[in-house]
Amino acid sequence: MSDVLRQHAEKQFAHELAALQHFDDRPKPPSWKLSPSAVITYLMGGQLPDGTEISAKYVGNRRLMEIAVSTLATDRALLLYGVPGTAKSWVSEHLAAAISGDSALLIQGTAGTSEEAIRYGWNYAKLLSEGPSRAALVDSPLMRAMQDGKLCRIEELTRIPSDVQDTLITVLSEKTLPVPELNTEVQAVKGFNVIATANNRDKGVNELSSALKRRFNTVILPVPDSAEEEIQIVQKRVTDLGRALEIPSEPPALEEIRRIVTIFRELRNGITEDGKTKLKSPSGTLSTAEAISVVGQGLSLAAHFGDAILRPHDVAAGLVGAIVKDPVQDKVVWHEYLETVVKERSGWKDVYRACKEVS
């Protein structure tokens with residue numbers, strides 16, 4: 001459907017997945033749509049024999065993706081771990097799309113996620129009228145994935161209370177989900193596995209038990225190594241976002257993206273690019289995802305209240321909003337950075353003036 005705000009990955013990139021399937025002659029694990037090699041091509045990008053271009057979904061260390069894919073081809077679950085904004089959810093979605101052709105079997109972890117959301121629930125009208133029966137059972141995404149031999153995604157696993165997390169232990173070790181009320185169980189079909197994401201930076205996270213940790217193979221997704229790599233990610237994602245939201249503006253100038261990424265990286269690392277000036281870091285993560293958001297918001301401002309060309313005054317408010325999370329501590333850090341770095345940097349006077357106006 002063209003009017004869907006955000007299509008699932010398997011719909012958005014259906015032409016790429018179909019082309020990969022056509023040329024994929026490598027062995028496939030049971031129930032997989034693509035071979036592990038083709039999944040990597042889908043994630044990292046490449047060109048097929050007929051000239052079809054496969055866009056890169058992940059810009060970073062190829063070996064990390066190979067480890068993730070090979071893990072899912074075994075009986076161990078995969079935990080994508082890292083600070084917020086390192087593309088954990090993005091990678092999880094695309095892995096599920098390429099391997100199972102279905103990225104929608106999703107459990108969103110929150111402090112309120114219950115055991116029923118992971119295992120199964122009940123249709124209480126049927127339960128009261130008919131008593132416990134298979135028809136009264138409401139399958140969870142995990143249960144459906146087990147029955148269909150697909151991947152189940154669990155977002156923000158560490159936000160789920162610890163006792164609820166441990167519901168997964170039997171499923172991951174025995175590949176079975178007991179249903180004691182019906183004196184039966186659901187056994188996983190070949191192809192079933194779990195991809196979970198987690199971070200340890202946000203408040204309100206719950207440590208995984210040792211028993212649960214042992215059942216996951218953990219892949220740590222880092223922040224981009226270089227500024228050029230981060231700029232490439234921001235540029236691609238913002239272009240895709242602008243197209244999806246139909247924002248009537250010019251593609252953002254590379255120089256504006258470069259300046260935003262530079263600000264984020266310097267404040268995140270606590271030192272300027274040239275290594276000459278040490279800086280205080282704000283309380284936020286200043287992730288690549290937040291840089292994408294800042295550019296996207298700026299494009300919307302430029303399109304609807306400007307001349308459709310991204311300029312410093314379009315991104316200034318977004319920059320301040322992303323950096324100043326703590327109105328006391330972060331404001332001091334930001335003002336100090338403006339005065340000691342931005343103000344003195346050649347060609348950055350327009351950025352300095354725009355940020356001072358909204359600070």
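Start with the second largest pocket of this predicted model: 14 residues line it, and those nearest its centre are Thr-74, Asp-75, Lys-190, Gly-191 and Phe-192. Its volume comes to about 190 Å³. Sorted by class, the lining holds eight nonpolar, three polar and three charged residues.

Now for the largest pocket. Here the space is about 1,400 Å³, and 49 residues make up the lining. Nearest the centre you'll find Arg-6, Trp-90, His-94, Arg-237 and Ile-292. Four elements each give two or more residues to this lining: helix 1 (9–12), helix 5 (88–100), helix 12 (227–245) and helix 14 (288–305). Which helix gives the most? That's helix 12, with nine residues.

Here are the two pockets side by side:

| Pocket | Volume | Lining residues | Classes in the lining |
|---|---|---|---|
| Largest | about 1,400 Å³ | 49 residues | 20 nonpolar, 14 polar, 15 charged residues |
| Second largest | about 190 Å³ | 14 residues | eight nonpolar, three polar, three charged residues |

Next, the sheet. Strands of a sheet pair through backbone hydrogen bonds, and they can do so parallel or antiparallel. In this model, five strands form an open sheet in the order 4-7-10-3-11, and the pairing is parallel. Strand 4 (106–108) and strand 11 (216–220) are the edge strands, each pairing on one side only. From one strand to the next, the twist averages 20°.

Look inside that order and you'll see strand 3 (residues 77–81) running parallel to strand 10 (residues 193–198), with four bridges joining them. One residue to pick out is Leu-78, whose bridge partner in strand 10 is Ile-195.

Helices pack on this sheet too. Helix 8 (residues 141–148) touches strand 4, strand 7 and strand 10, and its direction makes about 160° with that of strand 7. Helix 4 (residues 62–72) lies across strand 3, strand 7 (151–155), strand 10 and strand 11, and it runs at about 165° to strand 11.

Last stop: Glu-266, which sits in helix 13 (residues 254–269). Is Glu-266 buried or exposed? Its relative accessible area is 2%, so Glu-266 counts as buried, the cut-off being under 20%. What is it in contact with, leaving aside neighbours within four places in sequence? Glu-266 is in contact with Ile-271, Thr-272, Glu-273 and Leu-279, and also with Tyr-337, Val-341 and Arg-345.

Definitions and conventions:
Residues are numbered from 1 along each chain as its sequence is written. This is a predicted model: local features need pLDDT of at least 70, side-chain atom pairs count only at pLDDT 80 or more; totals for chains, interfaces and linings use all residues. Side-chain values use heavy atoms; hydrogens and water are left out. On a 1 Å grid over the protein atoms alone, a cavity is a set of points where a 1.4 Å probe fits but cannot get out, and a pocket is an open set with protein on both sides within 12 Å along at least five of seven lines; lining residues have an atom within 4 Å of a point. Grid points are joined across faces, edges and corners, and a volume is the space filled by probe spheres set on the points. Ala, Val, Leu, Ile, Met, Phe, Trp, Tyr, Cys and Pro count as nonpolar, Asp, Glu, Lys and Arg as charged, and the others, Gly among them, as polar. Two strands pair if DSSP finds at least two bridges between them. Axes are lines fitted to C-alpha atoms, for helices over the stretch in contact, and angles run from 0 to 180 degrees between N-to-C directions. Contact means heavy atoms within 4.5 Å. Buried means under 20% relative accessible area, exposed over 50%, partly exposed in between (1.4 Å probe, protein chains only).
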